[in-house]
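Student: I would like to learn how to read a structure like this one, strand by strand. Could you guide me through it?

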Amino acid sequence: MQREVDVFQIPADVVPKTVTQDSEGIKILWTDSHNSHHPWAWIESALNPRYPDRTKEFFGKKVLWDASIGSSPPEICFDEVMADSGMAGMAKLTNCIKSHGFCFVTNTPVTPEATRQLLERIGPIRHTHYGGFYDFVPDMALADTAYSNQALAAHTDTTYFTEPAGLQAFHMLSHTPPPNSPPSGQNLGGRSLLVDGFNVARKLQGLSNSWFRTLVRTKVPWHASGNLDVAITPDMAYPVIEMSPVNIKRIRWNNDDRGALPPTPTTIEWYEAARAWKSLLQHKDNEYWFQLEPGRVLIFDNWRVLHGRSAFEGLRRICGAYIGRDDFISRWRVSNLPRDEVILGNMRGPWFDSHATGKSKPSKTSVKEPSEY
């Protein structure tokens, strides 16, 4: 589907010579003797601002959730996702992640190989300074608290990348008690935590639009500096709540990887808003706690869902990976929609609504009410 014609080699004065139409579309003979055919679907897609482009539904309404999601979390069986008889299972999995921000894949073989096959079915594994597919125990070999036994507050990963990881996955392969521990059955800790960042952002705005606007407008430095040969920061400072023209686009929050804000008059305002944000993240009504189990893979949207854990004893072996956002969106589209429809949506591009309809984007100083709620 790449362009094969260098349109800039065509003389600028070429115009249609004859135009005919039939049930398939429009045929044009140009003054340079070139014949072209334009299907009706393409014409309507390219010219009609109200063309029903379902590929944009990915950015549509989300199912916001709180602690009550624990009674019925989204899940799908491993065999259904991996079935060769079509993309129905993948469509269901990606739809769950699209709408709720996460999904469990149950009855997964308790091996790193099966876990990797599952994730690569969604998209290529994203490599970082931590490597690609990870399979680790808490030994702090990579100088990050994720590789320890200590508790982790709700956060998003890779805040220090220009584009943070899109999806993240965890599969706990085993949890071995420490030596000389009491009989099996004791509580070893290590409960996992998920928080819907979009829902918490909505609640923050309900409490104080000023706090919300502060976390949208104030750009914060993020960094990864724990390894001697690594010093990563994004291309610019980014706010905690990133907006598209009208909707929340991405949550970027990890207090452990946050740099120092400059001493400006607005810094105190940011700390006040961030304190309220953190309080909401830690409110029991917003926290979904559960135990990772062998055979139950967790996959979640790192741009929306914050994750954490309680401290634990013993040795846990966990595998998983990151997957790029664009790869995930591609998989959602091609598994849920006809390919021809996807291609038409790609041709239109995200610029269409504002350019073709004459709508302008909000100015840099305006923060509109998020419409996706």
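**Reading strands, faces and cores**

Tutor: Let us begin with a pair of strands in this predicted model: β5 and β13 run antiparallel and are joined by four bridges. Within that pairing, Phe102 stands opposite Phe300 of β13.

Student: Which strand pairs with β5 in the parallel sense?

Tutor: That strand is β4 (residues 75-77), which pairs with β5 over three bridges, and here Cys77 stands opposite Thr106 of β5.

Student: How should I read the two faces of a strand, and which residues of β5 lie on each side?

Tutor: The general idea is that in a regular strand the side chains alternate between the two faces of the sheet. In β5, Phe102, Phe104 and Thr106 are on one side, while Cys103 and Val105 are on the other, and all of them are buried, so that both faces are covered.

Student: Is Val297 buried or exposed?

Tutor: Burial is judged from relative accessible area, with under 20% as the cut-off. Val297, which lies in strand β13 (residues 297-301), counts as buried because its relative accessibility is 0%. Setting aside residues up to four places away in sequence, Val297 touches Cys103, Phe104, Val105, Thr108, Leu118, Phe170 and His171. The C-alpha atoms of Val297 and Ala169 are separated by 7.0 Å, although these residues are 128 residues apart along the chain.

Student: What is the order of the strands in the open sheet that holds β1?

Tutor: To read a sheet, follow its strands from one neighbour to the next. This one has three strands in the order β1-β2-β3, with antiparallel pairing, and its edge strands, β1 (16-21) and β3 (35-39), each pair on one side only. From one strand to the next, the twist averages 20°. Five bridges join β2 (residues 25-30) to β3, and the bridge partner of Leu29 in β3 is Asn35. Helix α1 (residues 40-47) lies across β1, β2 and β3, and runs at about 75° to β3.

Student: Which residues touch the most other members of the largest nonpolar core?

Tutor: In this core of 31 residues, they are Leu215, Val240, Ile241, Ile251, Trp253, Trp270 and Trp277. The largest share, seven residues, comes from α7. Leaving aside neighbours within four places in sequence, the contacts of Trp253 include Val240, Trp270 and Trp277. A second, separate core has 25 residues, among them Ile76, Leu93, Ile122 and Cys319.

Methods
Residues numbered from 1 in each chain as written. Predicted model: local features only at pLDDT ≥ 70, side-chain atom pairs only at ≥ 80, totals over all residues. Heavy atoms only, no water. Pairing = 2+ DSSP bridges. Axes fitted to C-alpha atoms, helices over the stretch in contact; angles between N-to-C directions. Contact = heavy atoms within 4.5 Å. Buried < 20%, exposed > 50% of the residue type's maximum accessible area, 1.4 Å probe, protein only. Core = buried A, V, L, I, M, F, W, Y, C linked by side-chain atoms within 4.5 Å.
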